[in-house]
Amino acid sequence: MKPNAKKARGFHMPHVFIILLIIMLFVVILSYLVPSGSYERVVDEAGISVIDPDTFRYVENENPISFMDYFEAIYNGFVSGATIMGTLFISSGVIYLLEVSGAFGAGISAILKKTKGKEFSVVCIFYTIFVVFGVLGYGEAAYPFYPLAVTIGFALGYDRIVGTGLAIVGSTVGFTAGLMNTFTTGVAQQIVGLPMFSGIGFRAAGLAVFYCIGLFGLYSYCRKIKKDPSASLVSGEYLNQRQEDHTSGMEEMNLRRILGLLVFLAIIVIQGYGCIRLKWSFPQIAAIYVIMGILLALIFRIGPSQACQLFCKGAVRVFAAAFAVGMAQAVVVLLNQACIMDTIVHGLSLLLKNKSALLALLIIFVFVTLFNFLVVSGSGKAVIVMPILQPLGDILHINQQVLVLAYQYGDGITNSFWPGSSLVQLSMCGVDYGTWLKFCWKIYLGLMVSAFALVMIAHGIGYGPF
């Protein structure tokens, strides 16, 4: 009785929706503490709408957040996040067709047979794949693959934290490095007048550093739970899981499954090419997954009605994640209504004046990291922050390329640490936020320390402007 009572009284991390509602409430409180302010927006030479840094003024908020506004923001957030949510439903539903065909299971089984006794080598392979996803700027487009990563972790004899880690940490490492990330590096460089993806050599070195830190964190955890299963952060589930054979139900590879996997790989390549070269966004990504669904139905001879039923089952699996996307967008809706984002950025500009270059870079890095708690969108922050940083960089004799690097690193690392977006990712993997923090905090601390060290090195060697 007493142990059960103690457990009942213990702290449990609230549901993802509750945490997001609390963040929304925090924004409401801020709206009454931080004065409203506004910059004028102009369209630059690249066609991007950015702020004019010389036009800040305090304004009277004629539409303060009311009691009903707080709750209406959830619906408005759904409207704002509709493109992401729709793509998430479509891609997850289509990928489910491939799952029920047995193609994924057969592929995983074939890999396991060839790497028997070398399970961590498979973790490295899939970790690298997710790093590449991040490098290509997939972001939310990679979410449907997260449950697959958890399944791979199970099949390798690890717990769900390993699968979650290889997906989320891998994506974070690649996204932060920013080699070909249109959403952060690309937008920020365009705003300050740098060639798109210039200075890629130094960012490649940064990718190597981040890659090793993430991989070492995964290796340490995998080794620990293999040696002592009770050390798993989900030990109750893991101890039961170890008694099961997660590969017994996997089918053998055949021609149809090979064709299905080839279609899947082709879609991934097309998606990457489209996002980088053709400037695709969520509508185009959703479209190619619809095409993939039709091809899979033909390859596996699934009838139209049955294909639709399976699609719905796959889409329902990501309902909680899609709902969380809408609620995360509700935070941005409230911030915009409160008119305080520009005020916060203006405060940064005042703070940076008359500071040394290194201190200014530290302040910028910390500010972007903290600002990421409220505004998850990398491109959204770029159009607000970078027009302020550009003239300050000239005053402080900091190359624009270094400023972009500081912004990019500050934005990317905490995308999967702060709850705003990590809760969506974690809901795809079935991991609660508290457990995730216990696993990832050392990795992310290492990433942040090394990121700022790289920024200082970049400034010291005169990185840029190219």
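This report describes one helix, one pocket and one buried residue of a predicted model.

## Basis of the model

The model is predicted, with local features needing pLDDT of at least 70 and side-chain atom pairs counting only at pLDDT 80 or more, while totals for chains, interfaces and linings use all residues. Residues are numbered from 1 along each chain as its sequence is written, and side-chain values use heavy atoms, without hydrogens and water.

## Helix α12

Helix α12 covers residues 255-277, where a helix is a DSSP run of H or I with at least four residues, numbered from the N terminus. At 1.5 Å a residue, counted for one less than the number of residues, its 23 residues should span 33 Å, which agrees with the 32 Å between its end C-alpha atoms. At its start, a side-chain oxygen of Asn254 comes within 3.2 Å of the backbone nitrogen of Arg256, and after the helix comes Lys279, with a positive phi near 60 degrees.

The buried residues of α12 (under 20% relative accessible area, 1.4 Å probe, protein chains only) include Arg257, Phe264, Gln271 and Cys275. Among the elements that cover the buried residues of α12 are α4, α5 and α13.

## The second largest pocket

The second largest pocket has a volume of about 510 Å³, and of its 21 lining residues, Phe104, Phe126, Ile129, Phe264 and Leu265 lie nearest its centre. By class, the lining has 20 nonpolar, 1 polar and no charged residues.

## Asp411

Asp411 lies in helix α19 (residues 400-413) and counts as buried because its relative accessibility is 0%. Its contacts (heavy atoms within 4.5 Å) include Phe175, Asn372 and Lys381, leaving aside residues up to four places away in sequence.

Technical notes: Helices (H or I, at least four residues) and strands (E, at least two) are DSSP runs, numbered from the N terminus. Buried means under 20% relative accessible area, exposed over 50%, partly exposed in between (1.4 Å probe, protein chains only). A polar contact is a pair of N or O atoms within 3.5 Å; within protein, one must be able to donate a hydrogen and the other to accept it, and residues adjacent in sequence count only if both atoms are side-chain atoms. On a 1 Å grid over the protein atoms alone, a cavity is a set of points where a 1.4 Å probe fits but cannot get out, and a pocket is an open set with protein on both sides within 12 Å along at least five of seven lines; lining residues have an atom within 4 Å of a point. Grid points are joined across faces, edges and corners, and a volume is the space filled by probe spheres set on the points. Ala, Val, Leu, Ile, Met, Phe, Trp, Tyr, Cys and Pro count as nonpolar, Asp, Glu, Lys and Arg as charged, and the others, Gly among them, as polar.
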